[in-house]
Each structure stands twice: as C-alpha cells, then as structure tokens.
Amino acid sequence: MSSKTLFVSFEGIEGSGKSTQISLLQKHYQAQGRSVLSTREPGGTKLGERMRALFTQEEKMSDRCEFLLVSAARAQHVQELLLPSMGKYDLILCDRYMDSSVAYQSAGRDLDVDTVHQINAFATQGLVPDLTIFLDIPVELSLERVDQRQSGNKDRFEKQDQRFHEKVRQGYQDLCKKQSDRIKEFDGTQDSTLLSQQLIQSIDRKASW
Ligand code: TYD
C-alpha cells in the first residue's frame, strides 16, 4: 500500500517506443520492490478495450465521433481504474492519456483545442499526470517502424499520411512548450537502454517515495 502514487503518462507518435520503455520501466521498478500498474488508452478496462477496437478499426467515423469515443473510454478508465488505484500503487505507467487527444484530435484532426481541453477535463475529472514523458521521433522513422511491425495490418491511424503525422508531432511539440513543467521531451531515436536510464532519472526526481 502506497500513500503517494506517482502517475506517469507516455506520449508520442506511432512507433515512438512507448510500449518498450513502459515495459523496461515496469521491470526496473518492480525489481526495486515498487508496486507498478501499467495501463493504456484507449483501453485499460473491459469496456474501454471494446471501445478501442471500434476506435482503431472502424473506417467510417467522423472526427467528432472519434473524439467522443476516445473520451468515453477515458472517462471509464479514470472512474473504474485510475482513481481507485491512487494510493494503491507506487507508480502508474499509462500508455497515452489526455494529451493524445490534444495532439491527434485537435492538432491532427483540426478540432477546436479549447473544446478538446474542456472535454478532457470532464472525462478525467481533473486527474492530471504528475509527469508526462513525450518520446519524440521524426515522422519518417515512425512510418518505417510501423511498416516493419505491421505491414498489411495497419489501424486507422497508422494508415494516415505523412502530413497527418507531422501535424500530430507538431501538436505534441507545441503542448510540450506550453506545459513544460509537466511534459518532458526525450529523443526517441536513441538506444532504448540509454533512453530508459534517462526516464528512470526523470521519474526518480519526481517520486516522493
Ligand atoms: P497506440 O496504443 O499507440 O497503438 P499501438 O500500440 O497499436 O501503436 O494507440 C492507438 C491509436 O489511438 C494511436 O494511433 C493514437 C490514437 N489515439 C488518439 O487518436 N487519441 C487519443 O486520445 C488516444 C488515447 C489514442
């Protein structure tokens, strides 16, 4: 039982290495005897995972429907898993959270940014990560990595063109500048062990345990 849970979210474009880093960090902190919850968005709950399948696969979806669907999954995730987990774990590692909607649905799909912030605040009940790790990689590398791992089986987002991914990346970079206290940018092109060491330093600095 931990009284102070550190809530860390991970952001970046496709293939930025979030899942690799989350599993390295989970191993590192568990080996130190820390309790770690690893979760993701959209998803993290049974209902959220069902919404995720629709969200990533359903071809005919309007931009507003896309945003409301991912927000619905987020609302469920916060209510059912994240809020009850506060105080139960030392560390929560969340693969994507509210900033994904600012980058993908606002910067990428051109939805109004203030509306995205308002609906994010509603869905999250104001639960903001203590630290957000943004793994930045160039779009060319992202497209290469996605091609290598999923040729022929791409989801709706992986099928988007280079321009869309450039807008999403720019959205993240802008957000990082605006919220530099919370969101820390890292070079996602570097060796994954070196990167993991940098992330550990950054998390250790924030942790109060
Ligand atoms: P991701 O978990 O990164 O997929 P994978 O592990 O298969 O690479 O995320 C699935 C997709 O959902 C990703 O392309 C980004 C998109 N997404 C949004 O557009 N908005 C959001 O708020 C979230 C959480 C995800």
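This is a short talk about a ligand and the residues around it in a predicted model.

Okay, some housekeeping. Residues are numbered from 1 along each chain as its sequence is written, and side-chain values use heavy atoms, with hydrogens and water left out. Because the model is predicted, local features need pLDDT of at least 70 and side-chain atom pairs count only at pLDDT 80 or more, while totals for chains, interfaces and linings use all residues.

On confidence, pLDDT is the predictor's own score for each residue, from 0 to 100. The chain averages 96, with 98% of its residues at 70 or more. Element by element (helices, H or I, are DSSP runs of at least four residues, strands, E, of at least two, numbered from the N terminus), strand E1, residues 6–11, has the highest mean at 99, and helix H6, residues 139–150, the lowest at 93.

Now, the ligand. It sits in the largest pocket. A pocket here, on a 1 Å grid over the protein atoms alone, is an open set of points where a 1.4 Å probe fits, with protein on both sides within 12 Å along at least five of seven lines; "sits in" says that more than half of the ligand's atoms lie within 2 Å of its grid points. Helices H2 (46–57), H3 (63–85) and H4 (98–108) each give two or more residues to the shell, and H4 has the largest share, four.

So who is in that shell? There are 15 residues around the ligand, and the closest include Glu14, Arg74 and Ser101; near is a heavy atom within 4 Å. Seven are charged (Asp, Glu, Lys, Arg).

For polar contacts, think N or O pairs within 3.5 Å. Arg96 puts a polar side-chain atom 2.8 Å from a ligand oxygen. Lys18 has a side-chain N or O atom 3.1 Å from a ligand oxygen, and for Arg149 the value is 3.1 Å.

Back to Arg96: its phi is positive, about 75°, although it is not a glycine. Arg96 is in the loop between strand E3 (91–95) and H4.

One last oddity: the Glu41 to Pro42 peptide bond is cis, omega near -10°. Pro42 is in the loop between strand E2 (36–40) and H2.

Technical notes. Polar contact = N/O pair within 3.5 Å; in protein donor to acceptor, adjacent residues only side chain to side chain. 1 Å grid on protein atoms, 1.4 Å probe; cavity = no way out; pocket = protein on both sides within 12 Å on 5 of 7 lines; lining within 4 Å.
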